Amino acid sequence: PHMNEISTINSPITALQLRDNLHYLHPFTDYAELHAEGSRIQDHAEGVYIWDTDGRRIIDGLAGLGCVTLGYGRKELAEVAARQMQKLSYSQSFFKTSNEPAIQLAEKLVELTPKGLNHVFFTNSGSEANETCLKLVHRYWNLAGKPDKRVIIARAQAYHGSTIATTSLSGNPVFYTSGGGMPISGIERIEAPYWYLNGAGETPEEFGLTAARWLEDKILELGAENVAAFFAEPFQGAGGAILPPDTYWPEIQRICRKYDVLLVIDEVVSGFGRTGKWFGCETFGIEAPDLMAIAKGITSSYFPMSATMVSDRIASLLIEKGGEFYHGFTNSGHPVGAAVALENIRIMEREQVVENAAELGKHFGEHVASLADHPLVGNVRSCGLFAGIQLVADKDKRVLFDEALRVGDHCSTEALHRGLALRAIGDTMTLMPPLIITRGQIDEVFAMTRDALDATARAFKAR
Ligand code: PMP
């Protein structure tokens, strides 16, 4: 009876859902499944709430895809976009041309991001920002006269995007099953600093050092003279909500410096307040990245925009040596995106959104910790307003569920049924609400989460 109750969420298929099926291919979707069930169609949204076309109100525990930092329906952002569209709706930036919003945004990003990142290359998505990092790494070593430094080291369970190169940087083998020679050559991989599953017998602090030294081992195996860069997210979001122990990042930096390997930090999810600081770099003690990709929260996704922050070390070589950098996008430095980003950042500063997120993060973290006693929950992890709640078949032995059972998907459906959007990454339930969420709404999110966990436990015990 319980499963039937759930399956009624999506049935019967409406006319709009049928039209959706007919022509619209969604990203990261099993089309057979979607065609059978139909999509949830979102109609309007305000703050942390989304209303579907069937009139149901959903609390967005995911801030879209971790991007709607300021929540939905901010009029100031719409007004700024409308004004800029009327003043200068587009400006190309290829042929020695610029625009004031982009210039101002570059200045602002330099001010906000870690020391030494004093230059900005504008792009339109997280993937493009990471792709730009990758091209800059190769351009840098070529100009520096060390073209053999070509290999990139990335991590298992990384997520860096969806183009061929950024898919290849990402560390989930299922992503390569489309074929086409993915992962591309020149990418090597080390394991993630995933203490719960990889750290048997060590304290998190000991394990942080062990996991960092996997990078050193890999560099030595390949020869430092061949290694160009290490690519990593401060914490791993889409790959399974993996938070590194405190000892990890300082050791990684020591190793990168020792072997002259560029450090590329992907702040696409961790940037703009998610961890309770402006950037994950600050939270995890990452002092001097050579390149940094930012996206999502830069505009709270009111406009597609992203950027690659470039260190003096790299930019000064590009400027000094000259020669064209053959890279860029039609919409790089879009004046409307830049105007929206500036207003988004202004609001974040005025309303102290990051400071509030840090404060709220404590309350959020207590709720996350309180789920550890749930019979289905093997491990809980949180940082700022980001959480991973890992479901396991056997808590004591750390045994995971058989993937085919899709326990995580079941749990997210249960949550949706109760009016909460959260996400299952395998069997790890992740939450990353808009940073403007209130304490009361956080309480609401966790009441629904616990309910969904209870229902999931009942369903799987019954089998
Ligand atoms: N890097 C990280 C860490 C991400 O989480 C994502 C998106 N979830 C990306 C890159 C890719 O961004 P986009 O989807 O905008 O290309």
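**Sheets, domains and a ligand shell**

Trainee: What is the order of the strands in the open sheet of four strands?

Mentor: Keep in mind that this is a predicted model. The sheet is open and its pairing is mixed. Reading across its four strands, the order is 1-2-3-13.

Trainee: Which strands stand at the edges of that sheet?

Mentor: Look for strands that have a single partner strand, so that one side is left without a neighbour in the sheet. Two strands fit that description, one covering 42-46 and the other 420-421. They are strand 1 and strand 13.

Trainee: Which residue stands opposite Tyr49?

Mentor: Start with strand 2, residues 49-52, which is joined by three bridges to strand 3, residues 57-60. These two strands run antiparallel. Across from Tyr49, in strand 3, you will find Ile59.

Trainee: How far apart do the C-alpha centres of domain 1 and domain 2 lie?

Mentor: First find the two parts: the domain assignment gives domain 1 as 40-73 + 353-461 and domain 2 as 75-350. The distance between their C-alpha centres is 26 Å.

Trainee: Which element gives the most to the side of domain 1 that touches domain 2?

Mentor: The contact takes 25 residues from domain 1 and 23 residues from domain 2. Among the elements giving two or more residues on the domain 1 side are helix 4, strand 11, strand 12 and strand 15. The top contributor, with five residues, is helix 15.

Trainee: Are the residues of strand 15 buried or exposed?

Mentor: Check one face at a time. Thr428 and Thr430 lie on one side, with Met429 and Leu431 on the other. Both faces are covered, and these four residues are all buried.

Trainee: Which residue stands opposite Leu431 in strand 15?

Mentor: Here you need strand 12, which runs antiparallel to strand 15 and is joined to it by four bridges. The residue facing Leu431 is Ala387.

Trainee: In the hairpin of strand 14 and strand 15, which residue takes a positive phi?

Mentor: Strand 14, residues 423-425, runs antiparallel to strand 15, with three bridges between them. In this pair, Arg423 stands opposite Thr430. The hairpin has two residues between the strands, and the one with a positive phi near 60° is Gly426.

Trainee: Which helix gives the largest share of the shell around the ligand?

Mentor: There are 16 residues around the ligand, and Ser125, Gly126, Ser127, Gly161 and Val268 come nearest. By class, the shell has six nonpolar, eight polar and two charged residues. The largest share, three residues, comes from residues 126-143, that is, helix 7.

Technical notes: Residues numbered from 1 in each chain as written. Predicted model: local features only at pLDDT ≥ 70, side-chain atom pairs only at ≥ 80, totals over all residues. Near = placed C-beta within 6 Å. Nonpolar A, V, L, I, M, F, W, Y, C, P; charged D, E, K, R; others polar. Pairing = 2+ DSSP bridges. Domains from an automatic or database assignment. Contact = placed C-beta atoms within 7 Å. Buried ≥ 20, exposed ≤ 12 C-beta atoms within 10 Å, placed from the backbone.
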